Amino acid sequence: MNTMQVSFGEKKDNAAQAEHAVKMSARDVKVFYGDNEALHGINMDILENEVIAFIGPSGCGKSTFLRCLNRMNDTIDTARVTGLVTLDGKDIYDRSLDVVQLRAQVGMVFQKPNPFPKSIFENIAYGPRLHGLVDNKRDLDEVVESSLRRAGLWDEVKDRLEAPGTGLSGGQQQRLCIARAIAVSPEVILMDEPCSALDPIATSIIEELIDELKGSYTIAIVTHNMQQAARVSDKTAFFHLGNLVELNDTREIFTNPQDSRTEDYITGRFG
Amino acid sequence: MTPSDSEQTKTQQPDLMDLAQKRDLMQQRVAASLKRRHASEKRFRLYGMAAVTVALSFVAILFITILSKGLPAFWQATLTLDVYFDPEIIEIDEKPVRQPGESDGAFQQRMLAWQTDLGFVNFNRIILNSLAEVLPEAPRYQRDAMRLVTSGERFGLRQLVEDNPAIVGQTLRLKLLADANVDVWLKGNIDRSLPDSQQQLSARTRAWADELAERGIIRNQFSTALFMNADSRSSLASAGLAGAFMGSLMMMLIVMFLAVPVGVASAIYLEEFAPKNRLTDLIEVNINNLAAVPSIVFGLLGASVFILWFKLPLSAPIVGGLVLSLMTLPTVIIATRSTLKAIPPSIRQAALGIGASKVQSVFHHVLPLAIPGILTGSILGVAQALGEAAPLLLIGMSSFVASVPGSPFDQSTALPVQIYLWQGNELRNFFEARTSAAIIVLLALMISLNALAIWLRRHFETRW
Amino acid sequence: MSTQRIDGHISQRFDEEMEGIVSDLLAMGELVTEQTESALFAFIRGDVALAQDVISKDTRINELELEIDDHCIQILARRQPAAGDLRAVVAIMKAIKDLERIGDQAKRIARIAVKLADADERYQKQYGEFELIGSHVISMLQNTLQAFREMDADKALAAALQDKSIDSDYEAILRQNMTYMMEDPRNITRIVEMTWVGRAIERIGDHARNVCEYTIYLVQGLDVRHKDDDQLQAIVQSRPKR
C-alpha cells in the first residue's frame with residue numbers, strides 16, 4: 001500500500017500503456033525558425049484513443065509541436081524540424097512518406113473556424129473526393145452524412161446542405177471543420193485551440209464532441225484554457241520556453257503537479 | 001504575503017476626498033479641452049470636404065470642357081444633293097466578271113485595268129453638276145464651288161460606282177460632307193468679321209455656304225465619318241478614328257492575352273510557390289521598380305528589341321501591344337500578388353490540413369477567391385495601357401496612317417496617339433473639337449472597361 | 001521543498017482571498033486551542049465561571065466554521081483553483097470541520113467541569129494525569145497550527161506523531177480510573193465523567209492529527225488518511241523533494 005502510493009505516477013503510466021498502444025511518438029524533436037530554436041528536444045508518446053492536451057504560456061512551443069505531428073511546419077519556409085516523429089512506428093519525416101497521405105491520417109482543426117467558402121456539402125465532400133475515397137455520389141452522400149452526424153451537426157444542417165458553410169454560427173463552423181477532418185477517416189486529430197473563438201456554450205458542445213470522438217480517434221489539443229484541458233483531456237503536457245516540462249495524467253497535473261513551473265502556471269502565478 | 005504587505009496596499013489607496021476633488025478637476029479639464037477638440041475635428045472635416053470639392057470641381061471642369069468642345073464634333077455640316085451619275089462623264093466598260101476557265105492572274109489584271117479606268121473619271125465634275133442644280137452660278141466659279149464639298153467625297157462616289165456600276169445613269173440623293181472650313185464657318189468657330197485675307201474661304205464660298213445652310217441643303221448631321229474613316233490629311237472633314245480605334249483594340253487584345261496570363265501566372269508562382277530567398281527578394285524589388293519606370297522607357301526598349309532586333313514592322317499594333325504588355329506586366333503582378341496576400345491563410349491551412357497538395361490548395365481554394373481582385377487589377381492595368389501614348393511614339397505609331405489596319409502587323413496608330421496628332425493639326429478651328437471628340441471616345445472606352453471591372457468583381461464576389 | 005505557498009498569483013485579489021481563508025483558519029485554530037486550554041483548566045481547577053465562558057464561546061467557533069466554509073466555496077466557484085491552491089482550499093474545508101469538532105469536545109469538557117465543580121478538595125490529586133495529557137494535547141494543537149501556518153509537511157508529520165503519546169496518556173487515565181472505581185464504588189459516577197473528559201481529549205488529539213494529515217495533503221499532494229504512524233512517516237519522508 002505504502003509503496004504503491006509513492007510510485008503512484010509511474011504505476012498509472014504503465015497501466016495506461018497496457019491499455020493503449022503508442023499511436024504517435026516524438027524523440028528529441030527540435031524545431032528551428034531560421035537560427036532560432038523554438039523547441040528544445042521534445043520526447044513524448046501519444047497513446048491511441050486518448051485525448052492529450054498541450055498547455056503552456058504563449059510562445060511556449062505547444063502549437064509548434066502540434067504542427068510537427070502532421071508536418072504543417074513544412075509550409076513555413078524557414079522552419080526546420082530535427083529528431084524523430086513516428087506514427088504507428090513509422091517515421092513521418094521519412095522521404096518515402098508522402099505528406100499528403102500523412103495529413104489524411106493526421107487531420108487538423110484550427111484555431112479560427114475556417115470552412116471553405118463553399119456549400120456545407122462541398123466542405124465535407126472535398127477531402128474524400130480529393131483522396132478518391134468514394135466511387136459514386138451515393139457513397140459521397142453517405143460519407144457527408146455520417147461525418148456530419150459524428151460531428152453532431154447533421155440535424156442542424158441536413159435541410160440546407162447547399163447553403164454556404166460560412167453562413168453557419170462560429171460553433172457550427174468549427175463542428176463543420178471537425179466533420180471535414182473526420183470525413184477523410186483520420187487516425188489522429190490535431191486541434192489547435194479549437195474553442196478560442198467560441199462562446200462558452202459552443203465550447204462545451206465541442207468539448208462534448210471531443211469526448212465522444214476519443215473512442216475512435218486519438219486527439220491532441222492545444223488550449224489556452226486550462227479548465228478546458230482539465231475537462232477534456234486524459235493526459236496533459238505542459239510546455240514552457242520550448243521545453244516539455246511535465247507530462248502526466250490530467251488528474252495529477254491539476255491536483256498535484258510535480259514541477260513548480262507547472263504549478264505556478266496552472267495556479268495563475270505566471271503566464 | 002505577510003500582514004504588513006496587505007496594510008501597505010490599503011495605505012496605497014488614495015484618500016476618497018482627494019479622489020473626488022481630483023475627478024472634479026479632471027472633468028473640468030476634459031470639458032475645457034472638449035471645445036478645442038470638437039473644433040479641430042470640425043476643421044479637419046472641412047479641410048477634407050474642401051479637398052474633395054476641389055478635386056471634384058476639376059473633374060467637372062475637365063468633363064464640361066471636353067464635352068462642350070467635343071460633342072459638336074459628332075455632328076458635321078453635310079450637303080444633301082441629288083447626284084446624277086452622268087454616263088457621259090463616267091465612260092467606262094462593264095465591270096469585268098470572272099470567265100470560266102480564266103486564271104486568277106488574268107482576272108486580277110483585267111480588274112486592275114478597269115479600276116484604273118475608273119480612277120481617270122472626273123468625279124469632281126459630277127459633284128460640280130450636282131452643285132449647279134442648287135447653285136446655278138457654280139459652274140462659273142468652279143474653284144469656289146468645289147471648296148464647299150470636302151475633297152474626299154469624290155473617292156466616295158468612285159467607291160459607289162465600283163461597288164455597283166449599275167448606278168451609272170441614275171440620280172441618287174446623297175449626303176456629301178462639307179469641307180472642314182465650311183463646317184468651321186457655319187459653326188462660327190472662326191471670327192466672321194475677319195477680313196477676306198485672313199479667311200480660309202473666299203467670300204463667294206462663304207456666302208454660298210450661308211445660303212445653302214439657310215435653304216436646308218447644308219445641315220448638321222451625325223458624323224459617321226468620325227467612326228468609319230481612318231485619319232486623313234487631304235480631306236480633313238472626313239478624318240476619322242477607325243484606324244486608331246482598331247489599333248488600340250488590337251493592342252488591348254494583345255495586352256489581355258499576353259500580359260494578363262503571364263502576369264497572373266508569375267504572381268501566383270512568386271506568392272504561393274517560390275521559396276523566400278535572396279533571389280526572389282531581388283525579383284520582387286525589381287518588379288516593384290519596373291512598375292515605377294516611366295512608360296517612355298518601355299517605348300525605347302520596344303524600339304530597340306522588337307523593331308531593331310526582332311525586325312518587327314514599325315508602327316504595328318503587334319509591337320505596340322508587346323511594349324504595352326511589358327509595361328502592364330508589373331501592374332498585373334503587383335495587383336495579383338496583393339490580392340493573393342489578402343486571401344486569409346486559414347483557407348490554405350484548411351486545404352493543406354485535409355491533405356490537399358500545395359497546387360491543389362492554390363487552384364481549388366485560393367485562386368477562386370482571388371479572381372475578382374485579379375480581374376479588377378488586370379482590367380485596370382489594361383485600361384492604363386489603353387491610355388498610354390508615350391511609348392507608342394517611340395515605336396513609330398505617331399506617323400500618319402490613312403488606313404484601317406487589317407491585322408496586328410499592319411501600320412496603325414492608337415487612340416491616344418491620334419489625339420496627340422489631331423491636337424497638333426494646323427486647322428485648329430476644326431480639330432479642336434475633333435480632338436475632344438476623340439478624347440470622349442477614349443474616355444468612354446476606359447469607363448466601360450472600369451465598369452466591366454466593377455461588374456466582374458461584384459459578380460464573382462456575390463457568389464459567396 | 002516540503003513547504004507550500006499560497007501567494008504570488010498574478011491576481012492580487014486571489015492572493016488576498018487565499019490569505020484570508022488561511023488566516024481565518026489559524027484564528028479558528030487558536031480559538032479552539034484556547035477553548036481546550038480553558039476547558040481543561042476549568043475542569044482541573046473546578047472554575048465554573050471559566051467553564052461557562054468556554055461553553056458560551058463555542059458558538060463563535062461554529063460561526064467561524066460557516067464563514068470560512070462560505071469563503072472557500074466562493075473561491076472554488078470564482079477562481080477555479082488548481083493544484084496547490086485547490087489542495088489548500090480543500091484542506092481548509094476539511095480542517096475547519098475537525099477544528100469545529102475540537103471546539104465541541106472542549107465544550108463537553110467544560111460541561112463536565114461545571115458538573116464536577118462542587119467536588120471535595122480530596123479529589124484534586126486524581127487530576128494529575130489530566131494535567132499531563134492536557135499539556136500534551138495543547139502542545140500538539142499548537143504544533144499542528146504551527147505546521148499549517150508554515151505549510152510545512154515535516155512539522156505536520158511531527159505534530160501528527162504526537163497523537164500517539166496522547167493515546168497512551170488516555171490508556172493510563174483509563175487504567176487509573178479503573179483503580180479509583182475499585183477503591184471506592186461511591187465514586188463511580190464521578191469517575192465515569194472524568195473518563196469522558198479523557199475520551200474527549202483523546203478525540204481532540206485525533207482531530208488534530210486529521211488537521212496534520214490535511215496539511216501534508218496540502219503541501220505534498222498526498223492523501224495520508226487512514227495510515228498508521230510508520231506508514232505516515234515513510235510516505236512523507238520518501239516524497240521526492242522538489
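## A tour from the A–B contact to the ends of the model

Begin where the two chains meet in this predicted model: select both sides, and you will have 21 residues of chain A in contact with 16 residues of chain B. Keep the chain A side selected and look at which elements it comes from, for helix H4 (99–105), strand E6 (106–109) and helix H5 (120–130) of chain A each supply at least two of its residues. If you then colour this side of chain A by residue class, you will find eleven nonpolar, six polar and four charged residues.

Staying with chain A, colour the whole chain by pLDDT, which averages 87, with 93% of the residues scoring at least 70. Now select residues 1–17 of chain A, where pLDDT stays under 50 and where the model has 13 contacts beyond four places in sequence. Where pLDDT is low, the predicted coordinates should not be read in detail.

Move next to chain B, and select residues 75–222 as domain 1 and residues 242–461 as domain 2, following the domain assignment. The C-alpha centres of these two domains of chain B lie 43 Å apart.

Finally, select the stretches of chain B that an unreviewed UniProt entry annotates as "transmembrane region", among them 290–310 and 316–336. How much of the chain is helix over residues 290–310 of chain B? The value there is 86%, with 0% strand, and the end C-alpha atoms are 22 Å apart. Over residues 316–336 of chain B the chain is 95% helix and, again, 0% strand, while the C-alpha atoms at the two ends are 29 Å apart.

Key. Residues numbered from 1 in each chain as written. Chains lettered and ligands numbered in written order. Predicted model: local features only at pLDDT ≥ 70, side-chain atom pairs only at ≥ 80, totals over all residues. Domains from an automatic or database assignment. UniProt positions renumbered as here; feature names shortened; annotations may be inferred. Helix = DSSP H or I, 4+ residues; strand = E, 2+ residues; numbered from the N terminus. Contact = placed C-beta atoms within 7 Å. Nonpolar A, V, L, I, M, F, W, Y, C, P; charged D, E, K, R; others polar. pLDDT = per-residue confidence, 0-100.
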